[in-house]
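I opened a new notebook page today to look around a protein chain. Here is what I looked up, in the order I got to it.

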Amino acid sequence: MSGVDHTPEMLVRTEDLMAAYAAVNRDGADAVLARLRAREPVIMKYLMENWDEVYRQLRRQPPLPEQCMAMRKKLTLTIVVALTAQSKAQYRLWRGTSVGTLLEQIDPGLAG
């Protein structure tokens, strides 16, 4: 993660990722997933349903290269959708308190 320039519009920084990685290692992925399910049930349901679908496809023997590419695209789409939804939710949370601030200028697409 070194070499990434931080820009004013970035919400997540390298140290945030490192802290999250340490927390997951310390608490265990199952405990973290349980907390996330309790706090963000909609996004976690979406993520887990898509990951379960990819897992079912991976269990088929033997996965063909085309299937691997399709599964990779599915996971990529799932992650991008989840991150985009999270960004929109964060903006919505702070929108009322950020009028006239840099947060308001970060991404005009978040306003809708």
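**Entry 1: the overall layout**

How many helices and how many strands does the secondary structure of the protein chain come to? I noted 5 helices and 0 strands. I should write down early that this is a predicted model. Reading along the sequence, I get the pattern α-α-α-α-α. I then looked up burial: of the 112 residues of the protein chain, 13% count as buried. I also checked contacts between residues with a separation of 6 or more, and 36% of those join residues 24 or more positions apart.

**Entry 2: H1 against H2**

My next stop was a pair of helices. I learned that two packed helices are described by the angle between their axes and the distance between the axes. For helix H1 (residues 14-27) and helix H2 (residues 29-39), I found an angle of about 110 degrees, and their axes are 6 Å apart. That angle makes H1 roughly perpendicular to H2, because 65 to 115 degrees counts as roughly perpendicular.

Which residues make the contact? On the H1 side I listed Ala23, Val24 and Asp27. On the H2 side I listed Ala29, Ala31, Val32 and Arg35. Sorted by class, this contact of H1 with H2 has 5 nonpolar, no polar and 2 charged residues.

**Entry 3: helix H3**

I moved on to helix H3, residues 41-59, which has 19 residues. From its first C-alpha to its last, H3 reaches 26 Å, close to the 27 Å expected at 1.5 Å a residue. Which residues of H3 are buried? I wrote down Ile43, Met44, Leu47, Met48, Asn50 and Val54.

Asn50 caught my eye in that list, so I looked up its value: a relative accessible area of 9% makes Asn50 buried, because the cut-off is under 20%. Leaving out residues up to four places away in sequence, Asn50 touches Lys74 and Thr78.

**Entry 4: following the trail to Thr78**

I followed that last contact to Thr78, which lies in helix H4 (residues 65-95). Is Thr78 buried or exposed? Thr78 is buried, with a relative accessible area of 1%.

What does Thr78 touch, not counting residues up to four places away in sequence? My list reads Tyr46, Leu47, Asn50 and Trp51. Of these, Leu47 and Asn50 were already on my list of buried residues in H3.

One last look was at the side chain of Thr78: one of its polar atoms lies 2.8 Å from the backbone oxygen of Lys74. Lys74 was already in my notes as a residue that Asn50 touches.

Technical notes: Residues numbered from 1 in each chain as written. Predicted model: local features only at pLDDT ≥ 70, side-chain atom pairs only at ≥ 80, totals over all residues. Heavy atoms only, no water. Axes fitted to C-alpha atoms, helices over the stretch in contact; angles between N-to-C directions. Helix = DSSP H or I, 4+ residues; strand = E, 2+ residues; numbered from the N terminus. Parallel < 35°, antiparallel > 145°, perpendicular 65-115°, else oblique. Contact = heavy atoms within 4.5 Å. Nonpolar A, V, L, I, M, F, W, Y, C, P; charged D, E, K, R; others polar. Buried < 20%, exposed > 50% of the residue type's maximum accessible area, 1.4 Å probe, protein only. Polar contact = N/O pair within 3.5 Å; in protein donor to acceptor, adjacent residues only side chain to side chain. Expected span 1.5 Å × (residues − 1).
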